[in-house]
Amino acid sequence: MTVTVESARTYEVRTYGCQMNVHDSERLSGLLEDAGYVPAPEGETADVVVFNTCAVRENADNKLYGNLGHLRPSKVGNPGMQIAVGGCLAQKDQGEIVRRAPWVDVVFGTHNIGSLPVLLERARVQQEAQVEIKESLETFPSTLPTKRESAYAAWVSVSVGCNNTCTFCIVPALRGKEKDRRPGDILNEVRTLVDQGVLEITLLGQNVNTYGVEFGARLAFGKLLRACGDIDGLERVRFTSPHPAAFTDDVIAAMAETPNVMHQLHMPLQSGSDRILKAMRRSYRAERYLGIIERVRAAMPDAAISTDIIVGFPGETEEDFQGTLDVVRESRFANAFTFQYSIRPGTPAATMDDQIPKEVVQERYERLVALQTEISWAENKKQLGRTLEVLVAEGEGRKDEATRRLSGRAADNRLVHFAPGEETPRPGDMVAVEVTYAAPHHLVADGPALKLRRTRAGDAWQARQAAPQAAGPGVMLGMPSIGRPAPLQESAGCSTLP
């Protein structure tokens, strides 16, 4: 059912959490615009504010209700304003949200994001809150209208849901069992995006490398990577996040042998202690993990590998923590998203004995961050003097205006700040630059750009700027900083944006 608003009401989507949520928010924006809504001008309170929530974050409930409280005066002053809450926290709390914040108009879950326009209209007509939570997937999100936030890079879901039972993670209970898309549907979406100017796609799934399990194709993910290599105009392919237990050598071969698949891998570790991995129900051990890293580097010596690590899981001893430090030293991660364990109600770990005191977790966390910062810096220094091809990005460098630099991502996903040179590239264009300085979490190229390649993606970005709908923010991301993310409890396939 399509709902069309009588006059152009404005909207804003506020997103918290993982890449899956960011991609879902693109769907929510597409749904709203398909129904006649327009993005709110920057600095103005929208007629419809949608919170796309995450249940993984520490104190996620308090943050949501605090934000809802801040909007209450706006709602009182403008009775026609509507507030909607969706995502994992909505799936978990359901009617509790309206009980605690009765000024909320709509609550919807992870399985029925396509219902948002209908629920907003129903709430407006009936003048009462609408709560609709489905227990299984109603429509695969990729069939819904989408407003892509980037003209040059895009997420493409290969699956939703998760079949694992990690004891620290509530995501499988909220997202459901893994559901896989057919390969033809995925590749058709990728081709359509490339036709629109996109140069880079990231294949997305809670456990992306188990893709194919639903239709019994064990090697489906490696074949999908190779198929992406046959798409003309697609220059960069990435994926996130794989699970070490299901990571197979055919995927390594596909990465190494497919020219447009980047030599960059985000491989969640979570802990370097076999005892803690068992308690987490992570079905691999440190030796297997290190074996994967070794085989990846043998096939792709230039591979940049990142990871997720949880510090202070219940029962973690100093010996267990030393095991994590040992794996970090041996793995030489380009960067790591490090998180302090926090209790998430509804997970098995929440009721485990021997919860670690906060001060102990904090001290270990600081040691881990210090070690990884040292390694990241040393790995980045190896890039000094190298020429890198950088895909120019929009808004990645927070100090770009002050430094008069632009920013973008190298092939291995390292963040590069560079001097624009005589001719200014557009987001989506490619530049070749020589690295002159290395910091722990970024590189700098202050010499003149060696080469500028204007691309279809840059053309698409420029055309978007000229379009009327480019005025509004559309989707606002509530993401942690790239250097040291806020303490966050993490799942194997629910990573923060790198």
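1. In this predicted model, strand S12 (residues 264-266) and strand S13 pair in the parallel sense, with three bridges between them. Within that pairing, Leu-265 is the residue that stands opposite Ile-305 in S13. On the S14 side, S13 is joined to strand S14 (residues 335-340) by six bridges, and these two strands also run parallel. Here Thr-307 stands opposite Ala-336 in S14.

2. Strand S13 (residues 304-311) is mostly covered, as eight of its eight residues are buried. The burial can be followed on both faces of the strand: Ala-304, Ser-306, Asp-308 and Ile-310 point one way from S13, whereas Ile-305, Thr-307, Ile-309 and Val-311 point the other way, and all are buried. Two of the residues named in the pairings above, Ile-305 and Thr-307, thus belong to the set that points the other way from Asp-308.

3. The connection between S13 and S14 deserves a separate remark, since S13, helix H12 (residues 318-331) and S14 together make a β-α-β unit, and this unit is right-handed.

4. A further sheet is open and consists of three strands in the order S7-S10-S11, with parallel pairing. Strand S7 (153-157) and strand S11 (236-240) stand at the edges with a single partner strand each, so that one side of each is left without a neighbour in the sheet. On average, and with direction ignored, neighbouring strands of this sheet are turned by 25° against each other.

5. Between S7 and strand S10 (residues 200-204) the parallel pairing extends over five bridges, and Val-156 has Leu-203 as its bridge partner in S10. Helix H7 (residues 183-195) packs on the sheet, where it touches S7 and S10, and its direction makes about 165° with that of S7. Helix H1 (residues 19-34), by contrast, lies across S7, S10 and S11 and runs at about 100° to S7.

6. Turning to charged side chains, a search of the whole structure finds 33 salt bridges. One of them is formed by Glu-132 and Arg-122, with an N to O distance of 3.9 Å. Because Glu-132 lies in strand S6 (residues 130-132) and Arg-122 in helix H5 (residues 116-126), the pair ties together parts that are ten residues apart in sequence. Glu-132 counts as buried at 18% relative accessibility, whereas Arg-122, with a relative accessible area of 30%, is partly exposed. A reader may wish to bear in mind that buried is taken here as under 20% relative accessible area.

7. Arg-226 and Glu-257 also meet in a salt bridge through their side chains, at 2.9 Å from N to O. This pair links distant parts of the chain, with Arg-226 in helix H8 (residues 220-228) and Glu-257 in helix H9 (residues 249-257), 31 residues apart. Arg-226 is partly exposed, its relative accessible area being 35%, while Glu-257 counts as exposed at 51% relative accessibility.

8. Which residues does the salt bridge of Glu-189 belong with in a network? Glu-189 forms a salt bridge with Arg-181, the closest N and O atoms being 2.6 Å apart, and both of these residues are buried. The network of salt bridges links Glu-189 and Arg-181 with Glu-26, Arg-27 and Arg-148.

Key:
Residues numbered from 1 in each chain as written. Predicted model: local features only at pLDDT ≥ 70, side-chain atom pairs only at ≥ 80, totals over all residues. Heavy atoms only, no water. Salt bridge = Lys/Arg side-chain N within 4 Å of Asp/Glu carboxyl O. Helix = DSSP H or I, 4+ residues; strand = E, 2+ residues; numbered from the N terminus. Buried < 20%, exposed > 50% of the residue type's maximum accessible area, 1.4 Å probe, protein only. Pairing = 2+ DSSP bridges. Right-handed = clockwise from strand over helix to strand, strands pointing away. Axes fitted to C-alpha atoms, helices over the stretch in contact; angles between N-to-C directions. Contact = heavy atoms within 4.5 Å.
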